[in-house]
Amino acid sequence: LSEAADLYNDNAQYYLGYIYFEQSQIDKAIHYFKEASCFNNELAKNNLGVLFKLGKGVKQNIGQSIEYFNEAIRQENDPVAMFNLAHIYYFEEAGIIDIDKAFDLLIKSSQKQISYSNILLCLVAIKKFKSTDIKRIKKELEKIVQQQCSLLLEKIDYFIKSYRLYSPLNLSKINEQLSKINLFYYGTKVKNYRDVIKKENHIRIDINSRFYEGLGN
């Protein structure tokens, strides 16, 4: 991998970054993620976005985080970066809120089967349309999207009912839970950052965890 990385193979650089990250050598992980990012590797860009957002191994810089996410989206339409960027806009993590941008990003991300995007899309829709009433959401949504409307409504309706988001208490709980989600490429999988770095307990990651999402081919 090192030889391939020295020959500017961005996949090798990304995997070296992942290996060093798993070994808790964050400085080396960031070095190789940056190397891969220079060759437009969207997985590395997303991971750098998360690390800069949380200030892990680097000085926290939300602006730099947003730039990495935006680059991954511009170059590869990366759905994980879309979720992470929408997360920033929805939870005002950069000091600003942009529900419209978050909504647009999550529509695209949810179409790529990023499961967390579906529930966050519901929260954004509720905030955007100021209602948990699916009929009202449908009316408002039809003004914005045409062909996608039916599928989006199906998802939103399902999650609103499943999580009982019409209850202020449930809505608050889901908001709190989602506020702690930062999706990180972990090898060939996607996982919440808090679930892959538990150095204080020295917990080895279970590769069969149900929280994993495959990247497909």
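1. Helices and strands here are DSSP runs, a helix having at least four residues and a strand at least two, and both are numbered from the N terminus. With that in hand, welcome to the structure: this is a predicted model, and its protein chain has twelve helices and three strands. Of the 217 residues in the chain, 48% are buried. If you look at contacts between residues at least 6 apart in sequence, 52% of them join residues at least 24 apart.

2. A good place to begin your tour is the pair formed by H5 and H6. Two packed helices are described by the angle between their axes and the distance between the axes. Helix H5 covers residues 62-76 and helix H6 covers residues 79-90; their axes come within 9 Å and cross at roughly 145°. The crossing of H5 and H6 is left-handed. On the H5 side, the contact is made by Ile62, Ser65, Ile66, Phe69, Asn70, Ala72 and Ile73. On the H6 side, Ala81, Met82, Asn84, Leu85, Ile88 and Tyr89 take part. Sorted by class, this contact has ten nonpolar and three polar residues, with no charged ones.

3. From there, please turn to Lys53, which is found in helix H4, residues 42-54. Lys53 has a relative accessible area of 5%, so this lysine counts as buried, the cut-off for buried being under 20%. Leaving out residues up to four places away in sequence, Lys53 touches Gln60, Ile62, Ser65, His87, Ile88, Glu93 and Asn182. Some of these names should be familiar: Ile62 and Ser65 of H5 and Ile88 of H6 also take part in the contact between H5 and H6.

4. Helix H4 also holds Leu48. Its relative accessibility is 0%, and Leu48 therefore counts as buried. Beyond residues up to four places away in sequence, Leu48 touches Ile30, Phe33, Lys34, Ser37 and Tyr68. One of these partners, Tyr68, is 20 residues from Leu48 in sequence, while the C-alpha atoms of the two are 6.7 Å apart in space.

5. Lys34, one of the residues that Leu48 touches, has its place in helix H3, residues 26-38. Is Lys34 buried, exposed or partly exposed? Its relative accessibility is 35%, so Lys34 counts as partly exposed. Setting aside neighbours within four places in sequence, Lys34 is in contact with Leu48, Phe52 and Tyr68. Another pairing to look up is Lys34 with Gln13: they are 21 residues apart along the chain, and their C-alpha atoms are separated by 8.6 Å.

6. Staying in helix H3, you will also find Ile26. Ile26 is buried because its relative accessible area is 12%, and buried means under 20%. Not counting neighbours within four places in sequence, Ile26 is in contact with Phe21, Lys56, Gly57 and Ile197. The C-alpha atoms of Ile26 and Val58 are 9.0 Å apart, with their positions 32 residues apart in sequence counted as the separation.

7. Two loop residues deserve a look at their backbone angles. Most residues other than glycine have a negative phi, and most peptide bonds are trans. Ser24 is not a glycine, yet has a positive phi of about 65°. This serine lies in the loop between helix H2, residues 10-22, and H3. With a relative accessibility of 34%, Ser24 counts as partly exposed. Glu92 has a positive phi too, near 60°, and is likewise a residue other than glycine. Where is Glu92 found? Glu92 is in the loop between H6 and helix H7, residues 99-111. The relative accessible area of Glu92 is 42%, so Glu92 is partly exposed.

8. Finally, have a look at the second largest pocket, which holds about 190 Å³ of space. Which residues line the second largest pocket? The lining consists of Ser115, Tyr116, Ile119, Phe159, Tyr163, Ile174, Gln177, Leu178 and Ile181. Helix H8, residues 115-129, and helix H11, residues 168-178, each supply at least two residues of this lining. By class, the lining has seven nonpolar and two polar residues, and no charged residues.

Technical notes:
Residues are numbered from 1 along each chain as its sequence is written. This is a predicted model: local features need pLDDT of at least 70, side-chain atom pairs count only at pLDDT 80 or more; totals for chains, interfaces and linings use all residues. Side-chain values use heavy atoms; hydrogens and water are left out. Axes are lines fitted to C-alpha atoms, for helices over the stretch in contact, and angles run from 0 to 180 degrees between N-to-C directions. A crossing is left-handed if the near helix is turned anticlockwise from the far one by less than a right angle, and right-handed if clockwise. Contact means heavy atoms within 4.5 Å. Ala, Val, Leu, Ile, Met, Phe, Trp, Tyr, Cys and Pro count as nonpolar, Asp, Glu, Lys and Arg as charged, and the others, Gly among them, as polar. Buried means under 20% relative accessible area, exposed over 50%, partly exposed in between (1.4 Å probe, protein chains only). On a 1 Å grid over the protein atoms alone, a cavity is a set of points where a 1.4 Å probe fits but cannot get out, and a pocket is an open set with protein on both sides within 12 Å along at least five of seven lines; lining residues have an atom within 4 Å of a point. Grid points are joined across faces, edges and corners, and a volume is the space filled by probe spheres set on the points.
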